[in-house]
Each structure stands twice: as C-alpha cells, then as structure tokens.
Amino acid sequence: MVLAYAEATNGEFKKVAHEIINYAKKTADVLGTECHALVLGDTPGAEDLGKYGAGTVHRVTSPHLEGFDAAVYTVAIADAAKQLGATVIILPHNSTGKNITGRLAARLEAGSVAGANAVPMMKDGYFTVTKPVFSGKAFADVQLLTDVKVISLAGNSIRIEELGGDATVEDLTLELPAPKTKVVKHQVATGRVPLPEAELVVSGGRGVKGPEHWDVITDLADALGATTACSRPVADSDWRPHHEHVGQTGVAIRPNLYIAAGISGAIQHLAGVNNSKTIVVINKDPEAPFFKAADYGVVGDLFEVLPRLTEAVKKFKG
Amino acid sequence: MKLLVCVSKTPETTTKIQLTADGKDIDTSGVQYIMNPYDEWYALVRALELKEAAGGTVTVLNVGPADNDSIIRKGLAIGADDAVRIDVTEEKDSLFTARQIAEFARGKDFDVIFFGKETISYNASEVGAMVAEFLDLPYVGDAIKLEMEGSQATVTRDIEGGEEVIEVTAPIALSAAKGMAEQRIPNMRGIMMAKRKPLEVVTPVDYPDTTRIASYSKPEEKGSVKLIDPENMDELVRLLHEEAKVI
Ligand SMILES: Cc1cc2nc3c(=O)[nH]c(=O)nc-3n(C[C@@H](O)[C@H](O)[C@H](O)COP(=O)(O)OP(=O)(O)OC[C@H]3O[C@@H](n4cnc5c(N)ncnc54)[C@H](O)[C@@H]3O)c2cc1C
Ligand SMILES: Cc1cc2nc3c(=O)[nH]c(=O)nc-3n(C[C@H](O)[C@H](O)[C@H](O)COP(=O)(O)OP(=O)(O)OC[C@H]3O[C@@H](n4cnc5c(N)ncnc54)[C@H](O)[C@@H]3O)c2cc1C
C-alpha cells in the first residue's frame, strides 16, 4: 500500500494535500496496489480526499499533534505505516516535509528521495524516482533499494486531477510521545500564495533600481494574482524580504509562469527558476543572458513595458 | 558551549553541469569545488558568533575523501577550533552520510549540531533531520534565527509565507538558512592559523546503501525565444493565454 501524508494548510486540505494524494495514487497504480491517506489532527473535509485518489483516509488525533513537532509527527507516520503495512510513504517537499522526511527515512532505515518531480517507474527491475539535482541543472534517476521507501514530492510537479470518489475515514489510535519543542509563534501572511507553491510569479532584479520603484512589479502581480520574487542582490540590499530571493541559494521554484524584469539571468539565478513551465523576460539589453532561457522576450525599458503589460492583463481579465 | 558544524563540498555555483557520455555520471573534469554556501555563510558563522558570545568550541565535520581537506581548512580559517573528517572515499547517499555523523557525535555532548538548509548539489534537506532522528534530538529545519540563553534555544524557522518561532532545550540540531548570519571572509591570519589547527581523520562505520543513482539527464533546452514588440503587450497576453496556456 502507498500511504500519502495529507497535510492541512492553515486548517484546510488544499493544493499540497491534493498533490500528494494524486501522486501517491499514481505511484500505487505503478505498483498495482492501493492508495491510502494519513491525516494527523482533526481537520474537516477528510472524506473529500477520496476525490484525489485515496481509497481510505486514516485519521490520528492527539493533543501531542497540536503544535508542529517533527519528531512526534515522524513517530505518528512511521507507526501508522507499520500498522497499515505501507511500503511507500509520500510527503510534501515543503517546510513541513523537510523536517520529517529525513527523520522518517532514518527511523525506518528506508531509502528516500527528497524533492522528487515525477511519478516513480519500474526501470531495469528497480523502483526508480527522478529528482532535480544541482538546483535544477540536471535530473537524477534514483533507485530505492529498501522494502519500505520514502519520497517527498516537490511542489507544482504534477497537475492535480480528480481520480476517485468519496473515501472512508477510519480513526487510528497511536501512542505518541510528548513534543520536546514548543511553538510560541506561528505567523503566515494572508493574501499572496507562498512562493514555493505559486503558479504565477513576477520577479524583479537590480534593473528595477530601488524599493521605491517596486510598484511596477507588485501592480502586475496583483493584476495576475501572482506572487512576487526577486534576484539575490535585491534581497541582499534589503529592497525586498529574503524569502522572495529565488535561485541556487534562495528558493527554487517551478511555477507555470515566471516573469522576470530587470534580471540579467546569471547561472545561479537560472538554477532556481529554469524548471518554470513558461518564462517571460523583460530586459532593455538584448544581449542579456536570460533571453537564452526564455520562451517569450521583450526588449525594452521595464518602466514602460510593465505598466503596459499590467493594463493588458487587466483588459484580458475584464 | 560545544558546537558541531557539518560542512559538505559542492561544485562552485557557476559550474555548468555536464554528463559523461553514457549519462550515468556527472562529468567532474574541470569542476571547481567550494564549501556548500549554507554551511559556510550561515551555519558556521552563527556557531562562531555563539562561541564568541558565550565561550566554547566549534568543530567542523565533513564526511568525505582527503580531497575535502581544503574545504575543511577553510572552515578552520574562518574560525572553527578543530576539525574532523570521516574518511569516506566513495560517494554515498544521505542516510549513509547521516549515519556517519550520528555515530561520531553520539555521546560527545554537543549542545547544537548545525547543518546547512540543503546542499546545492543534491538538494535533499535530509541529512540534518536524519542525524537528529538517529540521536533522538529535536531538529528545526530552515532556521533563519537562533538565540541561546544557557541551554534554552529560541529558533525561528521559515515556513511557506511566514515564520514560526520555537522554544527548545539543547541539545538540538538545526539547519541554517539565509538570515541566520552574514558571510565571513577568512583573513590572512586565519588562513595561517588554520594550518596548525587539529584535523582528526576518523574511520567510517559500515552501513548499507539504501539508494543508488542509476543515471542522470539534463533539462530540455528551450527553443529560441519569441520576441514580442514592447509596444504590444496585448499580444504577449494573448500568447500566454492561447499558446502557453498559463493564464
Ligand atoms: C538519494 C541520493 C543518492 C546519492 N547517491 C550518490 C551517488 O550515487 N553518487 C554521487 O556522486 N553522489 C550521491 N549522492 C550525493 C551524496 O553523497 C551527498 O553528498 C550527501 O548525500 C549529502 O547531500 P544531500 O543533498 O543529501 O544533503 P542535504 O541533506 O541537503 O544536506 C544538508 C546538510 O547536511 C550536511 N552534510 C551533507 N553532506 C555532508 C557531508 N558529506 N559531510 C558533512 N556534512 C554534510 C551539510 O550541513 C548540509 O548542508 C546522493 C545523494 C542522494 C540524496
Ligand atoms: C555563490 C553565489 C550564489 C548566488 N546565488 C544567487 C541566487 O540564488 N539567486 C540570484 O538571483 N543570484 C545569485 N547570485 C548572484 C548572481 O551571480 C547575479 O549577480 C545576480 O543574479 C544578478 O542579479 P540581477 O540580475 O538582479 O542584477 P544584474 O546582473 O545587475 O542585472 C540587472 C539587469 O537589469 C537590466 N536593466 C537595467 N535597467 C533596466 C530597465 N530600465 N529596463 C529593463 N531592464 C533593465 C540590465 O540590462 C541587467 O540585465 C549568486 C552569486 C554567487 C557568487
């Protein structure tokens, strides 16, 4: 059985959970087995997870699951997997997953692939999973050699589909340890979709010339419903917050659309964004290296082009 | 305070990754290596700052072959007190690497074991969490701030669209991300002193492979860019809608 850890985002099952279950279902199909989901905590809507491919949803509730403590979550997932006989466990490769995946692999002494971007395949007799390496400059096909396997899935790697109907929800009782960490503050900005999950991203570089000019970027992002990003020197100069910095030493993203304005396209920048489905580059220098990595290019002054594009988007959206 | 900083080696960031002719390996000829930026800029420097404030020692540790000594020496030049290299000559997976670090650190009473957020080579973000599980320690990934008051640690971690603040008692493990400290460039004196600092070489423990990389591939090259008239942004919107189907 393939077990999907369905994470709730701010009290709801959203894209992250749907992607993981879809991926687990496709993995189960490759192996000719079933797909179940595991829910930690009492989030409403567990029965709807069937739509994304989970035949059964197992729910564990415990006061010890209330603040996120990776060690406790790891015990919960590991023990659930053992009790239910799961052979493959799927998690998201996000801030939650990055705290759990390694722990879980160590606890189960299981081979793991962190940050997979494609559905596993049986190749040369081995269960094989592809993941980006060198920040997206290449891909590795990794064979998992153990009976139990752990995979974390990079966000935006598969298109969400409806693959089933309602699921039965079953409560699972587990003995969980008390957390050793205490969450004293949990703060998420409302409004824009977080960068690692965003499907549309508008990004500015040093060409935007200063934080006081950022309206040209944010206006376009607002019109599109996109998330904003920036190049590293922009974050280093505190023109924009650090969490907007994309690239090899920042956030690696894979949106459907990446619009880069006033960014030259240095190799370290490209490494974090070149898995985007479509790339639009706006730069006044026709020789800017970014044009070689772009699908659509606009050679021009971003202070003229971006407002024009914002207007065109507004007109299109009616 | 007794601090351990795990440092890995990665290709320099401008490296163009090339594959060997059979696609089974990365062609490493001519590749220059550096210390993984997250380990050097954030993990190591924050450990040094804590030592400077409260006293103690900073040890850098690498799992790898003798070639890696130059990277370890850089850690010493930036200010670590001593170094350990677990002598592994073959490329091994994350779980193997973590097992080596855990077996070395076990029973040595490190207050904080620092990792980088991820290596910029295999981008796994796993080794730190694995070591923490092997040693039964609390672990905070993607930490952007760490304050210590005696054994009380307050750690801020990045989460999607925000942050979370966690209180936890040492010993702990964590992975350091941007924001935790500012890069330090080693000076001449540091480089000279590094040559005389101790670097212990440790024999690895046996551990089976749980994964194997069968082959590599490269992303498809983009076709040539379609240039759009800067006066005609309606055309760009039309193409994004009808051709690329992304809006
Ligand atoms: C599934 C998998 C299979 C692999 N198989 C091969 C292979 O067949 N051939 C090959 O060439 N390479 C292979 N590697 C690369 C591997 O040996 C890495 O160097 C090692 O696993 C760490 O990379 P990571 O991305 O897992 O580390 P991460 O989990 O991203 O590293 C996090 C942190 O752990 C610490 N750390 C990581 N590695 C070390 C180290 N060696 N010493 C000290 N501290 C360290 C650093 O602080 C680092 O910032 C593999 C990696 C993976 C993920
Ligand atoms: C170890 C290491 C790691 C790094 N990691 C990253 C990383 O993760 N992410 C990252 O982004 N960088 C990273 N860098 C930095 C990278 O090498 C580049 O320096 C950086 O990406 C350049 O940022 P930029 O494109 O905004 O600025 P610049 O290179 O200065 O480019 C500005 C561009 O704006 C254009 N421009 C100027 N005015 C206008 C106008 N009015 N209209 C239109 N276009 C205009 C110019 O033609 C130019 O192409 C790293 C570097 C190192 C050494």
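This passage describes the two ligand sites and the nonpolar cores of a predicted model. Local features were accepted only at pLDDT of at least 70 and side-chain atom pairs only at pLDDT 80 or more, while totals for chains, interfaces and linings use all residues, and side-chain values rest on heavy atoms, with hydrogens and water left out. Residues are numbered from 1 along each chain as its sequence is written, with chains lettered from A and ligands numbered from 1 in the order in which they are written.

Ligand 1 lies between chains A and B. Of the 28 residues around ligand 1, those that come nearest are Cys6(B), Asp39(B), Lys92(B), Ser94(B) and Glu126(B), a residue being near a molecule if one of its heavy atoms lies within 4 Å of it. Among the polar contacts (pairs of N or O atoms within 3.5 Å), an oxygen atom of ligand 1 is 2.5 Å from a side-chain N or O atom of Asp39(B), and a polar side-chain atom of Asn36(B) lies 3.3 Å from an oxygen atom of ligand 1. Taken alone, ligand 1 exposes 900 Å², of which the protein buries 91%; accessible areas come from the Shrake-Rupley method with a 1.4 Å probe.

The site of ligand 2 is likewise shared between chains, because residues from both A and B surround this ligand. Arg206(A), Ser231(A), Thr249(A), Ser264(A) and Gln268(A) come nearest of the 28 residues around ligand 2. A polar side-chain atom of Ser231(A) lies 2.6 Å from an oxygen atom of ligand 2, whereas for Arg206(A) a polar backbone atom is 2.8 Å from an oxygen atom of the ligand. His245(A) also places a polar side-chain atom 3.0 Å from an oxygen atom of ligand 2. On its own, ligand 2 has 990 Å² of accessible area, and the protein covers 80% of this.

Away from the ligands, the largest nonpolar core has 39 residues, and among those with the most contacts inside it are Val5(B), Phe114(B) and Val155(B). Such a core is a set of buried Ala, Val, Leu, Ile, Met, Phe, Trp, Tyr and Cys residues joined through side-chain atoms within 4.5 Å, buried meaning under 20% relative accessible area (1.4 Å probe, protein chains only). Its largest share, eight residues, comes from helix H1 (residues 37-54) of chain B, helices being DSSP runs (H or I) of at least four residues, numbered from the N terminus. A second, separate core of 37 residues includes Ala4(A), Ala6(A), Val129(A) and Ile17(B).

Technical notes. Buried means under 20% relative accessible area, exposed over 50%, partly exposed in between (1.4 Å probe, protein chains only). Helices (H or I, at least four residues) and strands (E, at least two) are DSSP runs, numbered from the N terminus. A polar contact is a pair of N or O atoms within 3.5 Å; within protein, one must be able to donate a hydrogen and the other to accept it, and residues adjacent in sequence count only if both atoms are side-chain atoms.
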